[in-house]
Amino acid sequence: VQLVESGGGLVQVGGSLRLSCAASGRTVSRYNMGWFRQAPGKEREFVAVIRMSGSIAYADSVKGRFTISRDLAKNTVYLQMTSLRPEDTGVFYCASTKSVAVGQDAYYDVWGQGTLVTVSS
């Protein structure tokens, strides 16, 4: 089982990026797929989740700016990020879980290696 993130990079304030999370050994439609981020010196925090049912939830800090989606044919989950801010800087991780506690990283059992997003002002 493996999750591989890609798409991170350096972007200016107000810019956009799309992160991808390609899954192997695990079907994304059968798991709750979440995105988390960890800013320098801070704890990892919940960003967004797309549940097995297809329902979606976001952290308040990203509502209206980030969009999570999935492509079942590619077994991939995406995070489209717009209107990026310096406080969005951090390592973004993709993770999967069967738990309903989708906002808590402790309940996710498989994690990707992370992709770094840097928003410069």
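Buried means under 20% relative accessible area, so Arg 26, at 11%, counts as buried in this predicted model. Keep that cut-off in mind for the close-ups below.

**View 1. Arg 26 and Asp 109 meet in a salt bridge.** Here the two side chains come together with 3.0 Å from N to O. The partners belong to distant parts of the chain, 83 residues apart. Arg 26 sits in the loop between β3 (17-24) and β4 (32-38), while Asp 109 sits in the loop between β9 and β10 (110-111). What about their surroundings? Arg 26 is buried, with a relative accessible area of 11%, whereas Asp 109 is exposed, with 52%. Exposed means over 50%, so Asp 109 passes that cut-off.

**View 2. Asp 88 and Arg 65 form a salt bridge across distant parts of the chain.** How far apart are the closest N and O atoms of Asp 88 and Arg 65? The answer is 2.7 Å. Along the chain, the two residues are 23 residues apart. Look for Asp 88 in the loop between β8 and β9, and for Arg 65 in the loop between β6 (56-58) and β7. Both Asp 88 and Arg 65 are buried. There's a bit extra to spot here: Arg 37 and Glu 45 join Arg 65 and Asp 88 in a network of salt bridges.

**View 3. Lys 63 and Asp 60 make a salt bridge of their own.** Their side chains meet at 3.1 Å, N to O. Are these two residues buried or exposed? Lys 63 is exposed, and Asp 60 is too. If you go hunting through the whole structure, the total is six salt bridges.

**View 4. A disulfide ties Cys 21 to Cys 94.** The sulfur atoms are 2.0 Å apart, and the count for the structure is one disulfide. Cys 21 is in strand β3 and Cys 94 is in strand β9, so to speak a link between distant parts of the chain, 73 residues apart. The angle about the S-S bond is -70 degrees, and the link is left-handed. Cys 21 has 0% relative accessibility and counts as buried. Cys 94 is buried as well, with a relative accessible area of 0%.

**View 5. Phe 92 sits among the best-connected residues of the largest nonpolar core.** That core has 32 residues, and those with the most contacts inside it are Met 33, Trp 35, Leu 79, Met 81 and Phe 92. Strands β3, β4, β5 (45-50), β7, β8, β9 and β11 (115-120) each supply at least two of its residues. Which strand gives the largest share of this core? That's β5, with five residues. Now zoom in on Phe 92: leaving out residues up to four places away in sequence, its contacts include Leu 19, Trp 35, Val 47, Phe 66, Leu 79, Met 81 and Val 117.

**View 6. Asn 75 and Ser 83 both have a positive phi.** Most residues other than glycine have a negative phi. Asn 75 has a phi near 50 degrees, and so does Ser 83. Asn 75 lies in the loop between β7 (66-71) and β8 (76-81), and Ser 83 lies in the loop between β8 and β9 (90-97). At 16% relative accessibility, Asn 75 counts as buried. Ser 83, with a relative accessible area of 40%, is partly exposed.

Notes. Residues numbered from 1 in each chain as written. Predicted model: local features only at pLDDT ≥ 70, side-chain atom pairs only at ≥ 80, totals over all residues. Heavy atoms only, no water. Helix = DSSP H or I, 4+ residues; strand = E, 2+ residues; numbered from the N terminus. Buried < 20%, exposed > 50% of the residue type's maximum accessible area, 1.4 Å probe, protein only. Salt bridge = Lys/Arg side-chain N within 4 Å of Asp/Glu carboxyl O. Disulfide = S-S within 2.5 Å. Core = buried A, V, L, I, M, F, W, Y, C linked by side-chain atoms within 4.5 Å. Contact = heavy atoms within 4.5 Å.
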